[in-house]
Amino acid sequence: MSGFMDFLFGWMQNVDPKALILAFSAIGAGFAMIGGIGPGIGQGYAAGKAAEAVGKNPGEGSKPATLVMLLGAAVAETSGIFSLVIAIIMLFANPLVNKTGVGLVLACSAIGAGLSMIAGIGPGVGQGYAAGKAAEAVGNRPKLQATILRTMLLGQAVAQTTGIYALIIALLLLFVNIF
Amino acid sequence: MDNQQIDGNALILACSAIGAGLAMIAGIGPGIGQGYAAGKGAEAVGRQPEAQSTIVSTMLLGAAVAETTGIYGLIVAIILLFANPLITKYQSL
Amino acid sequence: MDNQQIDGNALILACSAIGAGLAMIAGIGPGIGQGYAAGKGAEAVGRQPEAQSTIVSTMLLGAAVAETTGIYGLIVAIILLFANPLITKYQSL
Amino acid sequence: MDNQQIDGNALILACSAIGAGLAMIAGIGPGIGQGYAAGKGAEAVGRQPEAQSTIVSTMLLGAAVAETTGIYGLIVAIILLFANPLITKYQSL
Amino acid sequence: MDNQQIDGNALILACSAIGAGLAMIAGIGPGIGQGYAAGKGAEAVGRQPEAQSTIVSTMLLGAAVAETTGIYGLIVAIILLFANPLITKYQSL
Amino acid sequence: MDNQQIDGNALILACSAIGAGLAMIAGIGPGIGQGYAAGKGAEAVGRQPEAQSTIVSTMLLGAAVAETTGIYGLIVAIILLFANPLITKYQSL
Amino acid sequence: MDNQQIDGNALILACSAIGAGLAMIAGIGPGIGQGYAAGKGAEAVGRQPEAQSTIVSTMLLGAAVAETTGIYGLIVAIILLFANPLITKYQSL
Amino acid sequence: MDNQQIDGNALILACSAIGAGLAMIAGIGPGIGQGYAAGKGAEAVGRQPEAQSTIVSTMLLGAAVAETTGIYGLIVAIILLFANPLITKYQSL
Amino acid sequence: MDNQQIDGNALILACSAIGAGLAMIAGIGPGIGQGYAAGKGAEAVGRQPEAQSTIVSTMLLGAAVAETTGIYGLIVAIILLFANPLITKYQSL
Amino acid sequence: MDNQQIDGNALILACSAIGAGLAMIAGIGPGIGQGYAAGKGAEAVGRQPEAQSTIVSTMLLGAAVAETTGIYGLIVAIILLFANPLITKYQSL
Ligand code: NA
Ligand code: NA
Ligand code: NA
Ligand code: NA
Ligand code: NA
Ligand code: NA
Ligand code: NA
Ligand code: NA
Ligand code: NA
Ligand code: NA
């Protein structure tokens, strides 16, 4: 076989497996953080909608709109927090390095866990959108705050699921001896 | 711990871990879409509170439809992690 | 079978796992699109509750159309995982 | 055939699996676009129920046009999986 | 020909499979864009049914323009799969 | 020429296939943008059918401008596939 | 220390550079979101100049919330670059 | 020159092909943005045909500004393909 | 120093180049967001020219906030390129 | 210099080509954002032609702000291509 693949696979076999796990954990942590795109977009949308709402109804709409925006944005933050937690686990309390198993498999588990967390973009964007629309609606009709808020939270809960799935897969890859 | 030997099984399992992670990225879609539905639902109940139950049930029906491809991704990831047919195939060769 | 080194079968099956994961990413699309439809549907039934069945059936029809490419991705992933034609080809060479 | 090491055939077939997965990602587009059409269609039939058939047929015509690039991706994936011209080429060299 | 090891031909053909898959990703664009056009077209025919033919022909004209980069991607993929000029070049060196 | 192992020419040509595929991804942009223009054009001719020619010509002018970066990507891909200056450079070293 | 071959320390530090770069990509989100808020804020102060201070303070409050995940990415990158716990761990093994 | 194994020149030129392809991806942006401008321009000339020249010239001015980063990407790709300073640097070491 | 083979220093510096490039991708966000603000600002000054200074200052304030994550990415890239702490760490081991 | 095998210099320069390409991807952002501003500007001058100069100057001011992260990406790419500090660092070790 040619030197190229020999180099590739031979090198993978010669490198210390624990180093490979920790190295790939650095990449996995980086991937995980990309999930943070979601809350950034979503909460920014909520901010814009709330600013618009307080402009339209500065009197009685301002406070409820801001409150709903903050509440909705807090929900939208979750996938960013999930990503951060997974990254911190990989950086500071890496469970893979203590596992028994083939180094390459454990190392790629770190990358898989990080990739999985990218799913968090979705709930972050979507829940932030919901927060913005709810803030707008509450600004227009402050008396309906409870109904609007309930609908927002219900919808946000539904939008959270794929982020939870991703978190579960990441935790499985990091903590459970699957292979 | 002897990790020095990467064999075929190890390579398949390693790439399965990456494949599982990639499959989960599908979850971006339902998250955005259902969040949009949530926002439109909140807006609509604010405008027509008397139609709340119709609005919410339509929103949830649509959101359930939007969930499917996220579930597909989850299923493929679970298959790769727990019932890896590729390893089975490899062992049978 | 001696799996002590990486052979061609292992490489094909390993990359099939990655290919399956990549194919699932298509699911982002239907998730966003159908969620949009859900939101618009919820908005519409709030405005014209009397047209609910027409609105919901149009939403679902459109969502079914939007599902297809997510299904394509799932099918390609399932083929790679369970009926891998690449490994069959390789064995036949 | 002795598959105990990675040969050229294996590398081509392995990368074909990845290529097939990548090609399916095109499906994000029709999924988003057709879902948008579904939402607009649902909104429109709510507003003008009397124009339902015109609205739905325009929505479906537009959605059919939007499907094509997803089909292209599927075709390329199927070619890579089932009628791989690259391995044919390689064998002929 | 003895394919028992990875040679230059195999590497070029393998990467051509990946390149073909990447090229298809361009299809996301027309899918989203034409779906948007479909939605706007459906909305418009609902509002002005008397202008249906003008609306649909404008939608289709615009969608045809939006298709081009998806076709470019398909052409590059087909070239890589069926008329690979890179392998021709390599053979001529 | 003896191609029995991977040489520099093969690596450059192989990566050129990947580069060509990557360059085509630019096509996502014009696809989305021109589809948006198509939708807005369809909406506008529905509202002001008397301005159809002005609307369509503005839409097409704008779409032509939006096409350029997709063409740039295609040109870079064609250069990599058919007139590869990197391999020329390598041969001249 | 013998750097003549790639050792574990080097691999960890090299991948840390890639991880730090990936983590910064999170910054796409706050950039888009806060820009949206800026646009809506500008629109709102134009319409209700008398509410300027309320609008701007709401915009800034929301933007501060939207910044956090960008900060998270920055913190992870800084940890990887300046206080790399992975290399510390590796040294302690 | 004996190219029978991969040398430094080949690696740099091969990665330059990938870098050139990546740089073209920037073209997604102008494609989307200018297409948006095209759509808004078409809408505007439909509403105020008397302002057509002002609208179109503003659209084109804005589109020219939006083109720049696509041009930057093209320039970097052309530098990598035709005037590769990295290989010059390498030769001078 | 004998650079005739790849050593740890080279691997770290090479991956730092990739990390720096990845970090710049964050710039997508501020570009989109600030452009949105620019569009809304232009729209607003057209509607309320008398509020121009308030609108523009709000737009610029919001855009400044939206710039930060792009700056973070630039800072990480500059650290990787000019004050690489990873190579310093490696040298100190 | 004997370049017959891959050395550290080559690896750094090769990855610099990829890093330069990645950095250009930032250009997606300004392209989308400035295109949005162009569209909104065209719309606004159509509605208030008398405010054209104010609208266009606000649009251009906002677009200039949106350009910065694209310029950052270009600068990082140019540094990697023409004044590579990583190779300087490597030579100094
Ligand atoms: Na969900
Ligand atoms: Na679905
Ligand atoms: Na479909
Ligand atoms: Na199409
Ligand atoms: Na086109
Ligand atoms: Na253009
Ligand atoms: Na946040
Ligand atoms: Na620009
Ligand atoms: Na910011
Ligand atoms: Na900027």
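In this predicted model, residues 111-173 of chain A form a span that is 89% helix and 0% strand, and the C-alpha atoms at its two ends lie 9 Å apart. A second span of chain A, residues 27-90, is 88% helix and 0% strand, with its end C-alpha atoms separated by 10 Å. Both spans of chain A, 27-90 and 111-173, are listed in UniProt, in an unreviewed entry, under "domain: V-ATPase proteolipid subunit C-like". For chain B, residues 18-80 are listed by UniProt under "domain: V-ATPase proteolipid subunit C-like", again from an unreviewed entry. Over residues 18-80, chain B is 89% helix and 0% strand, and the C-alpha atoms at the ends of this stretch are 10 Å apart.

Packing between helices of two chains was examined for chains C and D. Two packed helices are described by the angle between their axes and by the distance between those axes. Helix H4 of chain C, residues 85-92, packs with helix H1 of chain D, residues 8-24, at an angle of about 170°, and the axes are 10 Å apart. Because angles over 145 degrees count as roughly antiparallel, H4(C) and H1(D) are described as roughly antiparallel to each other. The crossing in which H4(C) passes H1(D) is right-handed. On the side of H4(C), the contact is made by C:Leu86, C:Lys89 and C:Tyr90, while H1(D) contributes D:Asn9, D:Ala10, D:Leu13, D:Ser16 and D:Ala17.

Sodium coordination was considered at two sites. At the sodium ion designated ligand 8, the coordinating atoms are O of H:Val65, OG1 of H:Thr68, OE1 of J:Gln34 and OE of J:Glu67, at 2.1 to 2.4 Å. Since H:Thr68 lies in helix H3 (residues 52-82) of chain H and J:Glu67 in helix H3 (residues 52-82) of chain J, this pair joins two chains. With a relative accessible area of 24%, H:Thr68 is partly exposed, whereas J:Glu67 is buried, its relative accessible area being 10%.

The sodium ion designated ligand 9 is coordinated by G:Gln34 through OE1, G:Glu67 through OE, I:Val65 through O and I:Thr68 through OG1, at 2.1 to 2.4 Å. Here the pair formed by G:Glu67 and I:Val65 crosses between chains, running from helix H3 (residues 52-82) of chain G to helix H3 (residues 52-82) of chain I. G:Glu67 has a relative accessibility of 11% and therefore counts as buried, the cut-off for this class being under 20%.

Notes: Residues numbered from 1 in each chain as written. Chains lettered and ligands numbered in written order. Predicted model: local features only at pLDDT ≥ 70, side-chain atom pairs only at ≥ 80, totals over all residues. Heavy atoms only, no water. UniProt positions renumbered as here; feature names shortened; annotations may be inferred. Helix = DSSP H or I, 4+ residues; strand = E, 2+ residues; numbered from the N terminus. Donors = N, O, S within 2.8 Å, 3.2 Å for Na, K, Ca; no water. Buried < 20%, exposed > 50% of the residue type's maximum accessible area, 1.4 Å probe, protein only. Axes fitted to C-alpha atoms, helices over the stretch in contact; angles between N-to-C directions. Parallel < 35°, antiparallel > 145°, perpendicular 65-115°, else oblique. Left-handed = near helix turned anticlockwise from the far one by under 90°. Contact = heavy atoms within 4.5 Å.
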